[in-house]
Every structure is written in C-alpha cells, then in structure tokens.
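Hi there,

Here is the structure I promised to pass on. Please have a look at it alongside the notes below, and write back with any questions.

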Amino acid sequence: MNFSELGLNPLILKAVETSGYTEPTAVQEQAVPAALAGKDLLVSAQTGSGKTAAFMMPSLCRLVEPSTVKGSGPRILVLTPTRELAMQVEKAAATYGREMRKLRTVSLVGGAPYGPQLKQLSQPVDVVVATPGRLMDHMERGKIDFDRLEVLILDEADRMLDMGFVDDIKAIVAKTPATRQTLLFSATLDGVVGKLARELTRDALRIEVARKEDPEAQIEQKLHFFDDPSHKMRLLDALARDTNLNQAVVFTATKAGAEELSEELRDRGFLAEALHGDMPQHKRTRTLDRVRTGRTQFLIATDVAARGIDVAGISHVINFDPPRQAEDYVHRIGRTGRAGRSGIAVTLVGFKERHLVRNIERYTGQSIAVEIIPGLEPTSKPRPEGPRTSKPWGDKPGYKGKSSFGGGGWKGGERAPSSAKPGGYKGNSENKPRPAAATAQPAHKPKRAERFW
Ligand code: AMP
C-alpha cells in the first residue's frame, strides 16, 4: 500500500512524502482510514511502529477546514506521559502539518516555565500536546477551554496510568465535548488500560499491530554478567569503545546514579551527559538537542526521562542497571532500532539480579543471549543449583572448559563485595577501574555463551 491510498488530504500527503517515508507502516495502514472516517480507535502499538504519524496525520486533516465552533481553544489535544514525548509529538504535528497555513501547535509540559505557555494560550491554538499535570494547572486557572475540541488522543496510555495520571485524565476528559473523536494508543490494551479505554471511547475499533512490527525484532539483545561494581564499570568501558557504537542511551536506576555515571564517563574521555527528571526543562531540551545533533555520544538516563526519545543515531541501549519492571525493559530498548534500523541492547546484570532477567524474558517471550568479552569474563560461578559435576551452561563452546567458570560448584558468586554500593564505581579508589587504555577492547568480538538458567 502507498500513502496516496490512505485517503489523506493532499497537503498532509505532500508533507509526508517530503519526510522521505515511502510506504505506511502497519499501524498507519489500519488506523489512518478508520480515523479519517471519524471512528474512535483503541490501538495497541509499540513505540517505533510509526504510531505518532498514525494519529497525527488523520487528525490534522480535520484542520484543513475551519472550525464550525467559535473559540480559541485547541481542536486537537494529545496527552502524553512525559515532556520529551510531548515535544516529539508536537514536532511531528509541525512536520506533517507544514504545508498547512498557520498551523499553531503548543506544548504544555511540566518543568517548563508558565510564562511562555500562557502567552501561547492567549492566542488561538490548533494542536495542544500536554502532560496531564500541567494541563490540569492551566485548566484550573481557566487558561484553556475545549469548546472547539474535535479529537482527543491519549498516547502511551498505559504509561500515563503507571505514572498515576488516571484521575487527571478523567478530569480532563470530563471537560471535553461528548462529540469528540477519541484515539487511544497503548503498548497494551489489557487490564486497567482496557477498562479506561472502554470508558473513554464509543464503539471503538480495536487495532492490534502484529508482533513483527515490534521494535525488538530489529534489536539484538545481549546480557553481560558482572562480579562487582569495578567489573561492571570495566564492561561498560569496553562496550563504550566498541567501534560499532554510534550513540547510546545508558540507563541507570536513579537520578544520582545518572549524574555520577555521566561524570565518570566524561572523566574517561567520553562525550556523556545525564538526563533525568530533576533537571530543569531547558537543560533537558539542550541535552537532547546535543544528542540529536551528535554532539553527545552517551546519554545517561533514568526510565521516565528517556521515554519517547527518538534519535536515529542511537545504535545501542545499555542497561547499566537492569530495569525492575519488565515493561520498562521494552521501553528502554525501544530507544534504539528506530524506524526499521537495527540496534543493540546490552544489559549488565549482577548474579543477584538474575530474577529480573527471567521476568523480562517471560514478558517479552524472547531469551537474551549471554555474552562475554575476552579478558572481562566474570569470575563468579553462574548458578547454585545442580550437582557439582554438571555443566550448567551445556556444551556450548563459549563456556566449556573456561577456567574462570569450570570446576568446582557455585560458591559465593552472588555476593557483592561489602564495599559495593549503587554506583560504586565512583569515590571508591579500590573499585575505580583501571585507566581506559588498559581495559579498552575496541571492536571486541564477544563470545556467545549459553544462559545460566
Ligand atoms: P513512533 O512509533 O511514532 O515513535 O515512530 C517511530 C519512527 O518512525 C519516527 O522516527 C518516525 O519518524 C518514523 N516513521 C513514522 N512513519 C514512518 C513510515 N511510514 N516510514 C518510515 N518511517 C516512519
């Protein structure tokens, strides 16, 4: 199918074609004609599937005709869980609407000053992209009305619910006209999301995009076990020097961890910057701009801050700390392999954290290959159970006969050093890794090993 068969207005079609897209993605093929026909939609589509264009292109088509209702409020409202995603959606609106005359888009996100937002709201606006909390603030101050609203879009609805926005969403929806069209996009339509979806939509068409559209399909997933914080840092150092790595998002569990790790990487000569929720919006925007333009190679981020980041140059995602929630793993690795490109997702795991990997594998239905970097093999024994003489890692050549793993039962491998603390690579001279040159493994060829469970 090509774009001209979707029924889009020629102005939107022209903008899409100049974006360089040759054909619609699966979600666009299914969602666009139905949205143009005015249907409510419940769409389960992963990030990277082209979902933003799937809701933005048909919604913008409405704006080609003037509103029949008087007022200055938005005709399209998009709710997103995070500021970064909101900004990307606003950018998409501007891109697909660039051939339209005087399209006015506004992003209302928390963490940004009120002044410019209020100024923008003092004039008529076509598209508002907002995080629920900040939008509620503007609504409570009487700065925005929805008299003209035609389309309400909930993007990454599951995530908004995870983040506790359910009451805000309901309060916002209650202020919108009952005649609106509602398009809800979510990674899943099960459980509480499904319940909310049914409450907010009327006779909605349900669209589930086949799994082959999942970003994971193009993403090679790998696992590296580490013994202690020093070993973990040396692994990261080696991975960071891989010549195949273009840009990477490195995930940490905490905001402080992101700051510390970015400092550590800078000390080692890498172009690294942190991105987390404690940073003021202008700093976050600047950091993301530097990532987009390639001036920053490593973005050290927390889950929420990195959500929705869409930078084509990101070749690797490195989970320096494994995610606690399996869903977060999917969102994290979706930062690479964007728009049909391939990507690599590496997770560093302590032996005590194996259960997290098992949860992820159960959730995704995919197993993650264990790899080792020559010279950086973990010395801990992989698993406690089983007879001492068994070969828990089977007969795969990678591990068989390796002196660091072979012989003896598992002993103490899960014990982290008592000096270990989260982010223990810093401020601990014992754990401080050797100078970069000593650990550098450019373009290493990691050996594959079999899993431990
Ligand atoms: P999304 O799933 O909305 O986060 O989009 C993921 C990426 O796919 C974005 O970088 C879009 O610019 C890109 N994209 C959207 N639609 C298409 C298409 N039909 N062909 C190629 N790339 C696309």
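The second largest cavity has about 40 Å³ of volume; please keep in mind that this is a predicted model. Around that space sit Ala 45, Gln 46, Thr 47, Lys 51, Glu 156, Asp 158, Ser 186, Ala 187, Arg 307 and His 331. Sorted by class, the lining of the second largest cavity comprises 4 charged, 4 polar and 2 nonpolar residues.

How many cavities of 30 Å³ or more does the structure hold? There are 2 of them, and the largest offers about 50 Å³ of space. Its lining is made up of Arg 159, Phe 251, Asp 303, Ala 306, Arg 307, Asp 328, His 331, Arg 332 and Arg 335. You will find Arg 307 and His 331 in the linings of both cavities. In the largest cavity, 6 of the lining residues are charged, 2 are nonpolar and 1 is polar.

Which helices help to line the largest cavity with at least two residues each? They are helix 13 (303-306) and helix 14 (326-333). Helix 14 is the biggest contributor to that lining, supplying 3 residues.

Now to the ligand, which you may want to zoom in on. The shell around the ligand counts 15 residues, and those that come nearest are Tyr 21, Gln 28, Gly 50, Thr 52 and Asp 310. By class, the shell splits into 7 polar, 4 charged and 4 nonpolar residues. Both domain 1 (3-208) and domain 2 (216-439) take part, each giving at least three residues to the shell.

Three of the nearest residues also place polar side-chain atoms by the ligand:

- Thr 52 has a polar side-chain atom 2.5 Å from an oxygen atom of the ligand.
- Tyr 21 has a side-chain N or O atom that lies 2.6 Å from a ligand oxygen atom.
- Gln 28 pairs with a nitrogen atom of the ligand instead, its side-chain N or O atom being 2.7 Å away.

On its own, the ligand has 500 Å² of accessible area, and the protein covers 80% of that.

Happy browsing, and do tell me what catches your eye!

Best wishes

Notes:
Residues are numbered from 1 along each chain as its sequence is written. This is a predicted model: local features need pLDDT of at least 70, side-chain atom pairs count only at pLDDT 80 or more; totals for chains, interfaces and linings use all residues. Side-chain values use heavy atoms; hydrogens and water are left out. A residue is near a molecule or strand if one of its heavy atoms lies within 4 Å of it. A polar contact is a pair of N or O atoms within 3.5 Å; within protein, one must be able to donate a hydrogen and the other to accept it, and residues adjacent in sequence count only if both atoms are side-chain atoms. Accessible areas come from the Shrake-Rupley method with a 1.4 Å probe; for residues, only the protein chains shown count as cover. Ala, Val, Leu, Ile, Met, Phe, Trp, Tyr, Cys and Pro count as nonpolar, Asp, Glu, Lys and Arg as charged, and the others, Gly among them, as polar. Domain bounds come from an automatic or database domain assignment. On a 1 Å grid over the protein atoms alone, a cavity is a set of points where a 1.4 Å probe fits but cannot get out, and a pocket is an open set with protein on both sides within 12 Å along at least five of seven lines; lining residues have an atom within 4 Å of a point. Grid points are joined across faces, edges and corners, and a volume is the space filled by probe spheres set on the points. Helices (H or I, at least four residues) and strands (E, at least two) are DSSP runs, numbered from the N terminus.
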